[in-house]
Amino acid sequence: MKTYQINKFTNWNDTPILNIDVPYLETPSDITASAQISWNENSLLIHLSTRETQIRAEERGELAAPCKDSCLEFFICPMQDDNRYLNIEFNSLGTIFLGIGSSVDSLTRLIIPEGHESTLEPRINKHDDGWEIFYRLPFDFIRRFFPDFEAKEGKIVRANCYKCADLSDPPHYLSWSEVDRERFTFHQPEKFGTMTFKG
């Protein structure tokens with residue numbers, strides 16, 4: 001099982017890089033992705049990036065499916081004794097899928113009434129050879145679903161990071177922590193890696 005240390009934020013240059021580099025199916029080798037995760041007093045700070053030249057970006061709207069496009073994803077189980085996870089997916093247009101559940105079959109889509117910009121504050125940069133997104137996951141938001149969650153030194157969460165594009169040509173799939181290939185889906189919380197908060 002992979003491990004990662006979530007450091008207290010100082011700047012992105014000093015934040016460890018997590019490579020999203022386990023390929024599935026016929027994923028081309030020239031598509032790469034990575035993540036950086038940090039924290040402050042109020043939020044998890046998340047930076048996901050991908051290198052790819054053919055970026056599919058068509059899904060828009062509250063009920064869209066960004067996983068059909070070039071998509072960067074972060075799943076997190078905030079509590080050790082609770083198999084539910086928050087599922088956050090973005091495409092390069094800023095279209096979001098936000099869900100909670102313990103499996104793909106139990107996943108419930110969440111719609112933030114005031115708009116996700118005010119909660120997650122996504123910022124996207126596009127490049128000639130890919131794109132990246134920065135956003136925050138407020139601890140107050142996590143506690144809406146996991147009231148006992150507390151961010152502190154030594155806190156351990158389970159999580160995984162993914163890159164996918166269901167309808168790109170060709171489709172591609174990458175993960176940080178490897179999932180069971182026999183029943184291929186990213187929705188396998190038992191296969192998440194562990195991440196430890198460091199002050």
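**Exercise 1.** Find the aromatic cluster in this predicted model that includes Tyr24, and list its members.

*Solution.* Start at Tyr24 and look for the rings grouped with it: the cluster is made up of Tyr24, Phe75, Tyr85, Tyr162, Tyr173, Phe184, Phe186 and Phe192. Then widen the view to the whole structure, which holds 17 aromatic pairs.

**Exercise 2.** Work out how the rings of Phe90 and Tyr135 are arranged, and which parts of the chain they tie together.

*Solution.* Step one: the ring centres lie 5.1 Å apart, and the cut-off for a pair is within 6.5 Å. Step two: the planes meet at 50 degrees, so this pair is tilted. Step three: Phe90 belongs to strand β7 (residues 85-91) and Tyr135 to strand β11 (residues 130-138), so the pair joins parts 45 residues apart in sequence. Finally, check the surroundings: Phe90 is buried at 0% relative accessible area, and Tyr135 is buried at 3%.

**Exercise 3.** Now try the same steps on Phe139 and Phe197.

*Solution.* Their centres are 6.4 Å apart and their planes are at 55 degrees, which makes a tilted pair. Phe139 is in helix α2 (residues 139-145) and Phe197 in strand β14 (residues 193-198), 58 residues apart. Phe139 is buried, with 3% relative accessible area; Phe197 is buried too, at 1%.

**Exercise 4.** Explain why Cys161 has no bond to the sulfur of Cys71.

*Solution.* Recall that a disulfide is a covalent bond between the sulfur atoms of two cysteines. Here the sulfur of Cys71 is the closest cysteine sulfur to that of Cys161, yet it is 12 Å away, too far for a bond. For the structure as a whole, the count of disulfides is 0.

Methods
Residues are numbered from 1 along each chain as its sequence is written. This is a predicted model: local features need pLDDT of at least 70, side-chain atom pairs count only at pLDDT 80 or more; totals for chains, interfaces and linings use all residues. Side-chain values use heavy atoms; hydrogens and water are left out. A disulfide is a pair of cysteine sulfur atoms within 2.5 Å. Rings of Phe, Tyr and Trp (its six-membered ring) pair if their centres lie within 6.5 Å; planes under 30 degrees apart count as stacked, over 60 as edge-to-face and the rest as tilted. Helices (H or I, at least four residues) and strands (E, at least two) are DSSP runs, numbered from the N terminus. Buried means under 20% relative accessible area, exposed over 50%, partly exposed in between (1.4 Å probe, protein chains only).
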